[in-house]
Amino acid sequence: MRQRAAYLLQFPQVRTMLPGTFSVTFCLPFAPVRWKVTWDPRQAVETSILLFSLGLVVAKISNCTDTPFSSDMWISIELSLLVLASIVYYLATRLTWTKQPKLTAASSQPTAQPDRPGSPRIDTREGRRTLHLAPSNTLKIGVFGYVWMTVPKNYRDSADDGIFTGILVGPLISSALLYLTLQASTATPPSDPLSHTWLIEAPRVLGHMNALEALLLSRRNLVNLSTFCSTILIVHVCASWMTEARHRRKIQVPDGEVSSVPRKEGRRTYLYVLFTVSVSLWILCVRIAFSEAKIGIWQNLNYLEVVASSLFFQFSLFMAIRMAHHGFTFGELGLVCFGATVLFMEMLNLTIARIWPVTTPFIKTFRLPTPLLVFQIALIPGSLMVGLLLSPLLYLSRHIAQRPVRRLRYPAEKQKQRRLLALGFYLGSVLIVGGLIGMWTRWCLGKRDPWLWVLYWILEGKKKWSRPVLLAYWAALGSISVAGWNRQLARSRRYRPRGVGDLMHTPFEGARSAGNAEHSDSGTPSTPPPDSGGLGLSFSNLPNGAQMSNVATDLLDAADKRVPLLSLNARRKFFHALAVVMFLPGLAVDPAFTHLSFSAAFALFVFAEYVRYFALYPFGASVHLFMNEFLDQKDNGTAILSHFFLLTGCAGSVWFEGPSQLLLYTGILVLGVGDALASIVGKRVGRHRWVATSPKTLEGSVAFTASVVAFAWLLRVCGLTEHFSLTRYAVVAGLSAALEAFSVQNDNVILPVYMWSMLVMGDVYGTL
């Protein structure tokens, strides 16, 4: 009895709040059979949250206009149709209908169960400690959504394709941005769309239209663009289903493939291009038909924008699913490609405004056309364009690194070839950044040199030294964190028990062998000399130096032996906490400078991923091995995306801009505080799981809500935010916690933008 009590204290029982599936059986009058409807409560709650949020958006935007069939009224109609289409899609794909024979008097009698002897419970201690999740069988492979000419193995393994995230979150964000602008334009007098803490020059305007009026028209265009992209996603899913229904059971295909998609990559690409052009022409005809019939759907998109956005959105779907193979769910893919399309359209409209400034009525950008937007477009799409233009060099570098030495024509020249390819990539990057991208940036800045502009702007903060100090602070924290983890992880491998290790991510094995070759070529010893300490420092010139060195080494080794005890979750959440420590001072002191710094950090991450994935000399192997120690089951694709999602989640609330200081902190509060504490509390003290098919717990959700609300209140007490309604903030945080608990999509990219949008639509800031 004492042993059982001690076991229950150490491993308490985990309860489940909701079952893995719900089912209802009913019988229609005069029908010979009964129907049984089964659905997954996790998916039902997640979908209900998103549909409720977009329904709130429809009500808010409808109340902002009293004119029938105005632009805002048509936007609310668009969103209502999208909500209706989502409900129909859910009922058609997420409910499982099965026929059962109708009960008769004889069949309704209970059957006697045969007696069987009781058997002893055989269960090992490790088996009792393992967290078993009930399988979710309600969602069949046939109802997963796919982009045209893609197959299941192209997507990350998940219990849900996340299609509602892909088609609803984009319109939710766009509508929140529009609602912000509607509030600013209807105020008396009209308020500034940016807070007074943003130290940046005034946005560029054309003609007689001021910046706020141009921003209002641009964000109406953005909502049209979001519903437009959601429609394209639905078209891809329906076309994939129809094509698969025609080819099903005709040929046998291996797991992860579908019979309607050819196995040859060239054939897939050809069919995808044809389908992309066909969809673009079809949707252009639909837009023309709406215009002729005086229907205001997509009325803010002109014909050029319809064709350009359709082609680019589908092109980005194709490229993302192949470059980040097995890295996205369908919903994450749709949301990321929508963001890429937004940046592309902003770049296109900025370029058009510079070429034809007289005939262009206003600059159609979805944020204010300040230098911050110009530099963001130059940094983020520009870094991706560098990889596209230099892709032959990157492909050869990866190919040589992967290929065994014995299979090369000239094995002795492998390292020389890798160095030449890396040198070509580095020089090519400098030429593209300094030439093509730098010239476009200079042109958009009014023939001002972008490098000199940045140098002077760094000295134009609240104090001349404030921005340089922020840069030094970020550089010191980043360097110390990376160097410290790199050293500890390298030494901890010496003490890792055999057969025990974290989830290993090996997209290419050639990088490991290449890394070993690099170290052997360098000639530097892999271990410190015998008379040196753990840090490679020698004490031979001091009295009893050898004893001091041995003591220091023993102390460091004793500390290093504890590093493998840190779980993978603890290692990953360290960077969530680091995001709070790094970014909170920047948002409080200078949000405009933090905006530009986030864009630069994203571009730096892109180049780091080039170095890692394509094994570029001399850092490819070391970067890969370092990042390998922080990967979980969501990072099993070719590209490592977690750090991109974490940075984007923290930066999104800043990149959206806005008049509220409270909204700027949404990303770091959700990820750095709420999500980190929810994970830690849920794993350590969680006893009540929400559903049987998910490890998320009630205790983790409570920790998420309480920590985010408490931290936001602390920011208000410290004078870093304006006054806001604590009750409304708590309600929005609770909704975000529920979405985090019931969604299987990547939290880092979904939760911050969802909570930011709901804070806007809930009128949280500026109220008591």
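**Notebook: two helix residues, a sheet and a helix pair**

I began with Leu172, which is found in helix H5, the run of residues 163–186. I keep in mind throughout that this is a predicted model.

I next looked up whether Leu172 is buried or exposed. With a relative accessible area of 2%, Leu172 is buried, because the cut-off for that word is under 20%.

I then asked which residues Leu172 is in contact with, leaving aside its neighbours within four places in sequence. The list I noted holds Ser53, Leu54 and Val57, and also Tyr754, Ser757 and Met758. For Leu51 I noted a separation from Leu172 of 121 residues in sequence, while the C-alpha to C-alpha distance between the two is 9.9 Å.

I stayed in helix H5 for the next entry, since Ser175 also has its place there. Ser175 has a relative accessibility of 0% and therefore counts as buried. When residues up to four places away in sequence are not counted, I find Ser175 touching Val57, Ile61, Leu79, Val223 and Met761. Val57 is thus a name I wrote down for Leu172 and again for Ser175.

I turned to the strands and looked up in what order E2, E3 and E4 are arranged. The three strands form an open sheet in the order E2-E3-E4, and their pairing is antiparallel. Strand E2 (22–26) and strand E4 (96–101) stand at the edges, and each has a single partner strand, so one side of each is left without a neighbour in the sheet. From one strand to the next, I noted a twist that averages 25°.

I followed one pairing further and found that strand E3, residues 33–39, pairs with E4 in the antiparallel sense over six bridges. As one entry for this pairing, I recorded that Thr38 has Thr96 in E4 as its bridge partner.

My last entry concerns helix H9 (residues 330–355) and helix H10 (residues 371–389), which pack at an angle of about 125° with their axes 10 Å apart. That angle makes H9 oblique to H10, and the crossing of the two helices is left-handed.

I also asked which residues make the contact between H9 and H10. From H9 they are Leu343, Glu346, Met347 and Leu350, and from H10 they are Leu373, Val374, Gln376, Ile377, Ile380 and Pro381. I sorted the residues of this contact by kind and arrived at eight nonpolar, one polar and one charged.

Technical notes
Residues numbered from 1 in each chain as written. Predicted model: local features only at pLDDT ≥ 70, side-chain atom pairs only at ≥ 80, totals over all residues. Heavy atoms only, no water. Axes fitted to C-alpha atoms, helices over the stretch in contact; angles between N-to-C directions. Helix = DSSP H or I, 4+ residues; strand = E, 2+ residues; numbered from the N terminus. Parallel < 35°, antiparallel > 145°, perpendicular 65-115°, else oblique. Left-handed = near helix turned anticlockwise from the far one by under 90°. Contact = heavy atoms within 4.5 Å. Nonpolar A, V, L, I, M, F, W, Y, C, P; charged D, E, K, R; others polar. Pairing = 2+ DSSP bridges. Buried < 20%, exposed > 50% of the residue type's maximum accessible area, 1.4 Å probe, protein only.
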